[in-house]
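Here's a set of exercises to work through with the viewer open. Try each task yourself before reading its solution.

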Amino acid sequence: MKKSLFLALCVSVFAISIASCKEEKKVKTTPPVVEEPKAPEVYIPVNQSANVDVNTSSTYVYYPAPTNQVANSVRIDYDEKTPYAKPIIITYTYDNADTYTYIIPQEFGLWENEAGKLRVISDNECTVWLQGQTKEGKFHEFIFYGNPKFNGRKIKPNSYLNHPSGLIKYRK
């Protein structure tokens, strides 16, 4: 009887162990954390503008460089044939693709020098000089700097020299 009891106990232990092996223990696993590659921050260029008020401006107006950066380039858009045909637009472009635009209204027209060239000069320092008058006959001379190192300095323009671009000399 001892043998049969021992045998029954062994069979039951074996049956329990088989039954417990058939039960799958579910272990919760967390999926591996995959970090999204961070996209590099994309710089969005800033485009600013200012309107030049010819009605309240003084005769000679010096505009300092609009930013502390040196402008890469300057573009002057105006009608070369007909004065007062459209606004004069001066656009500075910088390294980071920012732009700064000055808009001189259509009521301002550029003068011609004796050689028939309009009095607008731009140099490789991105300084722009222009001279003209309003439709009412009020004279203006505007100077726009593209390089902040020239802020506050006076210039001596000459639209005849260095044809076709003219020449700007900086005074101390």
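## Warm-up: two unusual phi angles

At 38% relative accessibility, Ala-97 counts as partly exposed, where buried means under 20% relative accessible area, exposed over 50%, and partly exposed in between (1.4 Å probe, protein chains only). A bit of housekeeping: this is a predicted model, local features need pLDDT of at least 70, side-chain atom pairs count only at pLDDT 80 or more, and totals for chains, interfaces and linings use all residues. Residues are numbered from 1 along each chain as its sequence is written, and side-chain values use heavy atoms, with hydrogens and water left out.

**Exercise 1.** Find where Ala-97 sits, then do the same for Cys-126.

*Step 1.* Start with the backbone: Ala-97 has a positive phi of about 75° although it is not a glycine. Most residues other than glycine have a negative phi.

*Step 2.* Ala-97 belongs to the loop between E4 and E5. Helices (H or I, at least four residues) and strands (E, at least two) are DSSP runs here, numbered from the N terminus.

*Step 3.* Cys-126 also isn't a glycine, and its phi is positive at about 65°. Look for Cys-126 in the loop between strand E7 (120–122) and E8.

*Step 4.* Cys-126 is buried because its relative accessible area is 5%.

## The overall layout

**Exercise 2.** How many helices and strands does the protein have, and in what pattern do they follow each other?

*Step 1.* Count the elements: one helix and eleven strands.

*Step 2.* Read along the sequence and you get α-β-β-β-β-β-β-β-β-β-β-β.

*Step 3.* Of the 172 residues, 31% count as buried.

*Step 4.* Take the contacts (heavy atoms within 4.5 Å) with a separation of 6 or more: 53% of them are between residues 24 or more positions apart.

*Step 5.* The accessible surface (Shrake-Rupley method, 1.4 Å probe; for residues, only the protein chains shown count as cover) comes to about 12,200 Å², and carbon and sulfur atoms hold 57% of it.

## Inside the protein

**Exercise 3.** Which residues have the most contacts inside the largest nonpolar core, and which strands each supply at least two of its residues?

*Step 1.* Fix the term: a nonpolar core is a set of buried Ala, Val, Leu, Ile, Met, Phe, Trp, Tyr and Cys residues joined through side-chain atoms within 4.5 Å.

*Step 2.* The largest one has 23 residues, and those with the most contacts inside it are Ile-90, Tyr-92, Tyr-102, Ile-104, Leu-130, Phe-142 and Phe-144.

*Step 3.* At least two core residues come from each of E2 (60–63), E4 (88–93), E5 (99–104), E6 (108–110), E8 (128–134) and E9 (139–144).

*Step 4.* There's also a second, separate core of nine residues, with Ala-65, Tyr-145, Phe-150 and Ile-155 among them.

**Exercise 4.** Is His-140 buried or exposed, and which residues does it touch?

*Step 1.* His-140 lies in strand E9 and is buried, because its relative accessibility is 0%.

*Step 2.* Its side chain reaches the backbone oxygen of Val-54 at 2.9 Å.

*Step 3.* Skip residues up to four places away in sequence, and His-140 touches Val-54, Ser-57, Ser-58, Thr-59, Phe-108, Leu-130, Gln-131, Gly-132 and Thr-134.

*Step 4.* Now hop to Thr-134, which is in strand E8 and is buried with a relative accessible area of 1%. Leaving aside neighbours within four places in sequence, Thr-134 is in contact with Val-54, Tyr-84, Glu-107, Phe-108 and His-140.

*Step 5.* Check a C-alpha distance too: Thr-134 and Gly-109 are 25 residues apart in sequence and 6.1 Å apart in space.

## Strand faces and charges

**Exercise 5.** Which side chains of E11 (residues 167–170) point to the buried face?

*Step 1.* The side chains alternate: Ile-168 and Tyr-170 point to one face and are buried, while Leu-167 and Lys-169 point to the other and are not.

*Step 2.* E11 runs antiparallel to E10 (residues 155–158), joined by four bridges; strands pair if DSSP finds at least two bridges between them.

*Step 3.* One of the partners to check is Leu-167 in E11, bridged to Asn-158.

**Exercise 6.** How many salt bridges does a search of the whole structure find?

*Step 1.* Use this cut-off: a side-chain nitrogen of Lys or Arg within 4 Å of a carboxyl oxygen of Asp or Glu.

*Step 2.* The search finds two.

*Step 3.* Asp-77 and Lys-86 meet at 3.1 Å, N to O. Asp-77 is partly exposed at 29% relative accessibility, and Lys-86 is partly exposed at 32%.

*Step 4.* Arg-119 and Glu-114 meet at 4.0 Å, N to O. Arg-119 is buried at 18% relative accessibility, whereas Glu-114 is exposed at 68%.

Key:
Polar contact = N/O pair within 3.5 Å; in protein donor to acceptor, adjacent residues only side chain to side chain.
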